[in-house]
Amino acid sequence: MEQYMPIANMKQVMRRVLPPHAKISDNAKETVQVCFSEFINFITSEANDRCHLELRKTVIAEDVIAAMGKLGFNDYIDPLTLYLHCYHESENERDRLPVRRGRECGSSASTANYVAASP
């Protein structure tokens with residue numbers, strides 16, 4: 001049995017890039033859902049292969065980023081690396097402070113702009 005991301009999640013992702021008045025057919029949502037799942041399986045399989053080569057059992061974020069590079073998705077490596085760095089920084093900051101307020105890695109807008117600039 002195939003496992004797919006929930007249609008509601010796919011619809012949200014699709015709505016972010018479409019004009020507000022755009023309608024999305026059920027067939028389009030299902031097609032994107034299948035394509036997305038295949039893409040995730042493709043990347044995860046490559047990341048898992050790297051993990052096994054290094055005699056590890058746990059796939060980590062760096063494995064996924066390396067897999068994307070190996071599979072030719074080079075345009076996404078820098079934005080993902082930046083996001084991962086910001087995530088680790090915010091996790092470290094959260095662990096040091098009882099309540100985290102305000103400053104995060106740059107700003108979410110700078111990360112969003114970086115990602116949006118990618119094809």
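The pLDDT is the predictor's confidence in each residue, on a scale from 0 to 100, and it is a natural place to begin here, since this is a predicted model. Within the protein chain, that confidence is highest in helix α3, at a mean of 94, and lowest in helix α5, residues 108-117, at a mean of 46. Over residues 108-119 the pLDDT is below 50, and this stretch has 12 contacts in the model once near neighbours in sequence are set aside. For the chain as a whole the average pLDDT is 83, with 80% of the residues scoring at least 70.

The secondary structure comprises 5 helices and 0 strands, so that the pattern read along the sequence is α-α-α-α-α. Of the 119 residues in the protein chain, 19% are buried. Among the contacts with a separation of 6 or more, 42% are accounted for by residues 24 or more positions apart.

Two packed helices are described by the angle between their axes and the distance between the axes. Helix α1, residues 7-17, packs against helix α2, residues 26-53, at an angle of about 100°, and their axes lie 9 Å apart. Because angles from 65 to 115 degrees count as roughly perpendicular, α1 and α2 are described as roughly perpendicular to each other. On the α1 side the contact is made by Ile7, Met10, Lys11 and Met14, while α2 contributes Ala28, Lys29, Glu30, Val32, Gln33 and Phe36. Sorted by class, this contact has 6 nonpolar, 1 polar and 3 charged residues.

Further along the chain comes helix α3, residues 61-70, in which Asp63, Ile65, Ala67 and Met68 are buried. The cover over these buried residues includes α2 and also α4, which spans residues 77-96. Just after α3, Gly72 takes a positive phi of about 95°.

The loop that follows α3 also takes part in an aromatic pair, and the structure holds 1 such pair. The rings of Phe39 and Phe73 have their centres 5.2 Å apart and their planes at 90°, and the pair is therefore edge-to-face. Phe39 belongs to helix α2 and Phe73 to the loop between α3 and α4, so the pair links distant parts of the chain, 34 residues apart. How buried or exposed are Phe39 and Phe73? Since partly exposed residues are those between 20% and 50% relative accessible area, Phe39 counts as partly exposed at 30% relative accessibility, and Phe73, at 23%, likewise counts as partly exposed.

How values were computed. Residues numbered from 1 in each chain as written. Predicted model: local features only at pLDDT ≥ 70, side-chain atom pairs only at ≥ 80, totals over all residues. Heavy atoms only, no water. Axes fitted to C-alpha atoms, helices over the stretch in contact; angles between N-to-C directions. Helix = DSSP H or I, 4+ residues; strand = E, 2+ residues; numbered from the N terminus. Parallel < 35°, antiparallel > 145°, perpendicular 65-115°, else oblique. Contact = heavy atoms within 4.5 Å. Nonpolar A, V, L, I, M, F, W, Y, C, P; charged D, E, K, R; others polar. Buried < 20%, exposed > 50% of the residue type's maximum accessible area, 1.4 Å probe, protein only. Phe/Tyr/Trp six-rings, centres within 6.5 Å; stacked < 30°, edge-to-face > 60°.
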